[in-house]
Amino acid sequence: MLAEPRLSCRSGGNANFMAGGEIPIPMVNGDGEMSVTFKPYGVLFNIKPTASESGVISASVSTELSAVDSGVTVGGLPGFLMRRTATDVNLREGETLVLSGLLNDDTGKTVEKVAGLGDIPILGHLFKSKQFRSNQSELVVLVTPHFISPDSQLNRGLIDSGERRLQETKERIADKAKPPAPPLAKPPLKDH
């Protein structure tokens, strides 16, 4: 499991999640001035829910799985491999929407050899190694909407959990910032 985010937003609002990174892309405008735009990649998720009086939650949901593709470059900048899905759904509180089909199959082969010796017919195999790599992953997104009021038990539990995690993080940071204890002084040796 890559992540298990809990997003909240008001009816008609927008909630986003990203697990990945950003690549700087230099851009030159018409005046010749250069600026940098950052292109996100990884797992990108966006949801825009709207609740009705009848308890139905309409939502626009989009997901993207992208990765840097160094095999495709333009002007020294890498390309991206992308898989996207988007849908509009109607759900009731507690019902679950499952989005899947965003597959990633990354395979490759690496050959390392001793220069010159690895190219000798028949004996060259003694001076090289081959490594095969296969990595498959599937992104499955589960969306289960809940109505949360400020005084609800669910909201109180989320706040308590967040405060606990914040306190644990503060304690870990404080422990790392403490200087190490000085070594104990050894008593002087006496000559007898």
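**A walk through the predicted chain**

The protein chain has six strands and one helix. This is a predicted model. Read from the N terminus, the elements follow the order β-β-β-β-β-β-α, with the helix after the strands.

The chain as a whole can be described by its burial, its contacts and its surface. Of its 192 residues, 18% count as buried. Among contacts with a separation of 6 or more, 50% are made by residues 24 or more positions apart. The protein chain exposes about 15000 Å², and 55% of that area is supplied by carbon and sulfur atoms.

Two residues, one from a strand and one from the helix, serve as stops along the way. Glu-64 is in strand β3, which covers residues 56-74. Glu-64 counts as buried because its relative accessible area is 10%, and the cut-off for buried is under 20%. Leaving aside residues up to four places away in sequence, Glu-64 touches Lys-39, Gly-42, Val-43 and Leu-44, as well as Met-82, Arg-83 and Arg-84. One of these, Arg-84, also meets Glu-64 through a polar contact between the two side chains, at 2.8 Å. A further side-chain polar contact, of 3.4 Å, links Glu-64 with Ser-66. The buried Glu-64 therefore has side-chain polar contacts with Arg-84 and with Ser-66.

The second stop is Asn-155, in helix α1, which spans residues 153-177. Asn-155 has a relative accessible area of 18%; this is under the 20% limit, so the residue counts as buried. With residues up to four places away in sequence not counted, Asn-155 touches Ile-148, Ser-149 and Pro-150.

The last feature is a pocket. The second largest pocket has a volume of about 190 Å³. Its lining consists of Glu-4 and Arg-6, together with Leu-158, Ser-161, Gly-162 and Arg-165. By residue class, the lining of this pocket holds three charged residues, two polar ones and one nonpolar one. Helix α1 covers residues 153-177, and the lining includes Leu-158, Ser-161, Gly-162 and Arg-165 from that range.

Terms used. Residues are numbered from 1 along each chain as its sequence is written. This is a predicted model: local features need pLDDT of at least 70, side-chain atom pairs count only at pLDDT 80 or more; totals for chains, interfaces and linings use all residues. Side-chain values use heavy atoms; hydrogens and water are left out. Helices (H or I, at least four residues) and strands (E, at least two) are DSSP runs, numbered from the N terminus. Buried means under 20% relative accessible area, exposed over 50%, partly exposed in between (1.4 Å probe, protein chains only). Contact means heavy atoms within 4.5 Å. Accessible areas come from the Shrake-Rupley method with a 1.4 Å probe; for residues, only the protein chains shown count as cover. A polar contact is a pair of N or O atoms within 3.5 Å; within protein, one must be able to donate a hydrogen and the other to accept it, and residues adjacent in sequence count only if both atoms are side-chain atoms. On a 1 Å grid over the protein atoms alone, a cavity is a set of points where a 1.4 Å probe fits but cannot get out, and a pocket is an open set with protein on both sides within 12 Å along at least five of seven lines; lining residues have an atom within 4 Å of a point. Grid points are joined across faces, edges and corners, and a volume is the space filled by probe spheres set on the points. Ala, Val, Leu, Ile, Met, Phe, Trp, Tyr, Cys and Pro count as nonpolar, Asp, Glu, Lys and Arg as charged, and the others, Gly among them, as polar.
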